[in-house]
Amino acid sequence: IGLKYIVAGALILFFSLCWLFDWLWAKTYDVCVVSVSDEAPRADSSVRVEIVVRVTHFGKPSAGHDIYALPTAGSMVAYMTVTDEDGYATVVYTPYTETAFTPARDVTVTIRDQSNSVIWEINAATSVTLRLQPKSGEA
């Protein structure tokens, strides 16, 4: 019986150390928003908002990293993109169209680097909040 607990404890310790390593490794990456074409767009699906991010590792550009963007409302033109040789990537957000049932509100777009994990899926990430304005232009 004691051997089972020792093996189970060793496995838990091993996986915990692997998780800790990946968490610390993710902290060495930086995902930052460089620019947003419109931080207060209209709540209209014909509008496009370009968000440029840069990924660095120990301050150096991270080329070829998969970037995933997920908004709390609305959609992305493409949810995945890849950083260029300078670590830059552009994601394009499309707001939802305001209706009587879905008024304009703040939307958070979470952007994460999905290429920085080694063992566990622990991603470096950032987010940007867009303050959607009523479609009619009334604020």
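**Strand β8 and the nonpolar core**

Good morning. I begin with strands β4 and β8, which run antiparallel and are joined by 5 bridges; helices (H or I, at least four residues) and strands (E, at least two) are DSSP runs, numbered from the N terminus. The model is a predicted one, in which local features need pLDDT of at least 70 and side-chain atom pairs count only at pLDDT 80 or more, while totals for chains, interfaces and linings use all residues. Residues are numbered from 1 along each chain as its sequence is written, and side-chain values use heavy atoms, with hydrogens and water left out.

Between β4 and β8, Tyr68 has Arg112 as its bridge partner, and Ala69 stands opposite Ile111. On to β9: 8 bridges join β8 to β9, again in antiparallel fashion. Here Arg112 has Ala125 as its bridge partner.

These strands belong to an open sheet of 4 strands, in the order β6-β4-β8-β9, with antiparallel pairing; two strands pair if DSSP finds at least two bridges between them. β6 (80-82) and β9 form the edges, each pairing on one side only. On average, neighbouring strands of this sheet are turned by 25 degrees against each other, direction ignored; the axes are lines fitted to C-alpha atoms, for helices over the stretch in contact, and angles run from 0 to 180 degrees between N-to-C directions.

Which side chains of β8 are buried? Val107, Val109, Ile111 and Asp113 point to one face and are buried, whereas Asp106, Thr108, Thr110 and Arg112 point to the other and are not. Buried means under 20% relative accessible area, exposed over 50%, and partly exposed in between, with a 1.4 Å probe and protein chains only.

Ile111 deserves a separate word. Beyond its neighbours within four places in sequence, its contacts (heavy atoms within 4.5 Å) include Val31, Ile51, Val53, Ile67, Val91 and Ala124.

I turn to the largest nonpolar core, which has 24 residues; Val49, Ile51, Tyr93, Val109, Ile111, Leu130 and Leu132 touch the most other members. Such a core is a set of buried Ala, Val, Leu, Ile, Met, Phe, Trp, Tyr and Cys residues joined through side-chain atoms within 4.5 Å. Strands that each supply at least two residues include β1 (29-36), β2 (49-57), β7 (88-94) and β8 (106-113). The largest share, 4 residues, comes from β2.

Finally, Phe58 lies in the loop between β2 and β3 (60-61). Its phi is near 55 degrees, a positive value in a residue other than glycine. Phe58 counts as exposed because its relative accessibility is 58%. Thank you.
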